[in-house]
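Reader: Hello! I am new to this structure and would love a close look at one part of it. Could you walk me through the place where the two chains meet?

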Amino acid sequence: MTAPSTTSGAPPRINKSIVRVASGQGFWGDWLEAPRRQVDGGDVDYLMLDYLAEVTMSILQKQKERDPNMGYARDFVGAIESVLPAVAKRGVRVIANAGGVNPPACAAAIRQVAHKHGVSDAIRIGVVTGDDLLPRLDELIASGHPLANMETGDALSAVRDRVLSANAYIGSTPIVEALGKGANIVITGRSTDTALTMAPLRYEFQWAADDWDRLAAGIIAGHIIECGAQCSGGNCLYDWQNIPDLANVGYPIVEGSPDGSFVIYKHPNTGGRISVPSVSEQLVYEMGDPHSYITPDVIADFTSIHLEQAGENRVRVFGIKGRPPTDSLKVSIAYRAGFKAVGTLVYSWPDALPKAELADRVLRERLDRLGLRFEHILTEFVGVSATHGPLAGEAHDPPEVQLRIGVRGPDKAAVERFTRELAPLVLNGPPSVTGFAGGRPKVEEIVAYWPALIDKRVVQTTVEVLT
Amino acid sequence: MKVRLLDIAHARSGDKGDTANVGVIALKPEWYSVLERYLTLDRVTHHFHGVITGPIERYELPNLRALNFLLHGALDGGGTLSLKTDAQGKVFSTAMLRLVLDVPDDEAKAAGLPGVTVWPSYQRSQRE
């Protein structure tokens, strides 16, 4: 093992043998209690909050179009409010990709909160920008960056006029820079989820930018805790009946060491369970080729990960290998892709399934006679085959079946008309039908995801620390 | 001997576009070799025939006693385009666990595998 190199220009820091990074949010919409519980339940150094999923950026972009002061994860403001004493008085630092498509506006909102609570002097907000490629899109395409869809190979020009947002996934470097400049709340836009955890480990242990094994270890630590309680007993299939006290579930914490090994644990007196099986389940979640987990900082090899139980609710992770990253960054592009609506009706015993099947046929015939054309109509029978299809086998006269029909297409009027055809079935379709209390299905505009790659060199991030 | 995957493995699934991934993890470390040998690409492809529209990829992670499968064309377009209840492939994991393996008797006994003598009623190829 080589000794960690020193980054010049950063202020002196405590030479720590252990750094604790706590996960307080696995997605926008996760448990509001979690951030406060993570800073109050025991000592932690960093609180990591992950708010962004693939489609979140486009939702935020729509909000920003309506109001230029919006476009960030508003839950973050409440989260900061709930942990403010820990940040202002106990030195816990927060790293979050809550900035969405408007990190400066997010930072302004956080400054207001700090001011309101009289702790402005104790808060230094680091703002990372530069991931937003939307204003540069035409310039980039014109200068030879086709931003082709990674799955289909199509050039972005095919949907250019419908693009809502375009953000490069950025890595740990700007976050490390913000920490070096003394920020105790770091707000980013489209950082990778894993960089939010790796950056503080890299910063505190002064890992070099080419220390591939340790950077990979930090990324894998990030992958394990980026979905919050999903590694500490939540959504855990293994022995799920005996996982204790999920009502009081403890969110995971990384206890990192300078050599890159780390322990996943949770605060005492919390529920859930951290075990080799619970961590293994999270490791395989959303996994692609395990040899190559590509990030802007490093390529991590999941086949090098070793796990061992190191006490109750403690799993040690070690042996991780990494290698240099590619010359590209992934770009998350969102574009308008038509409209959809999904409606449901419930049919009861006896013969619930044949009744629901007849209703489906009747509805489709009516749509057909109306001349409505859709890209796609999907019928599911919830309670019979919605999730496992033919693998579920025969249904044995179930007590009820939910008929669930969805349509999508470019024609909004056709989708709207579909939503009017469901309710009449209650009176003019097969019998024993109920469950229409929710009213007409909602027509939604589809914002679809367009993954692409771009040359790293054209994406420049900027770090500003507000005092 | 017929061995239900449910009895020897646990699993978690997720999505990436129109692809669902299913990670299958041996319940006991010594059962990983059974997964490695009998949970083949062919076997899984047969299992999901008619359920997904694309090919399947298979990866081995002996360090985690796990296999990872990528099921392409599994999510009706995936993400926001999908009209499916399970648009993000969250429960493909349990669909995988419906699979039943054929393991030679001597090998199954040596590994202490919990076998089933009656073919599970939910297995589609043996519908009543």
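Author: Happy to! Keep in mind that this is a predicted model. Where chains A and B meet, 45 residues of chain A are in contact with 37 residues of chain B. Several elements of chain A supply at least two residues each to the side that touches chain B: helix α9 (276–284) and the strands β14 (328–348), β15 (376–382), β16 (400–409) and β18 (444–455). Sorted by class, this side of chain A holds 24 nonpolar residues, along with eleven polar and ten charged ones.

Now let us cross over to chain B. An open sheet of four strands is found there, in the order β2-β3-β5-β4, with antiparallel pairing. At its edges are β2 (9–16) and β4 (56–61) of chain B, each of which pairs on one side only. On average, and with direction ignored, neighbouring strands of the sheet are turned by 20° against each other.

Inside that order, β3 (residues 19–26) and β5 (residues 66–71) of chain B run antiparallel and are joined by six bridges. You can find one pair of facing residues here: B:Val24 stands opposite B:Leu67, which belongs to β5(B).

This brings us back to helix α9 of chain A, one of the elements named at the start. α9(A) packs on this sheet of chain B, where it touches β2, β3 and β5. The direction of α9(A) makes about 155° with that of β3(B). To see this part for yourself, start from residues 276–284 of chain A and look across to strands β2, β3 and β5 of chain B.

Terms used:
Residues are numbered from 1 along each chain as its sequence is written. Chains are lettered from A and ligands numbered from 1 in the order in which they are written. This is a predicted model: local features need pLDDT of at least 70, side-chain atom pairs count only at pLDDT 80 or more; totals for chains, interfaces and linings use all residues. Two residues are in contact if their C-beta atoms, placed from the backbone, lie within 7 Å. Ala, Val, Leu, Ile, Met, Phe, Trp, Tyr, Cys and Pro count as nonpolar, Asp, Glu, Lys and Arg as charged, and the others, Gly among them, as polar. Two strands pair if DSSP finds at least two bridges between them. Axes are lines fitted to C-alpha atoms, for helices over the stretch in contact, and angles run from 0 to 180 degrees between N-to-C directions.
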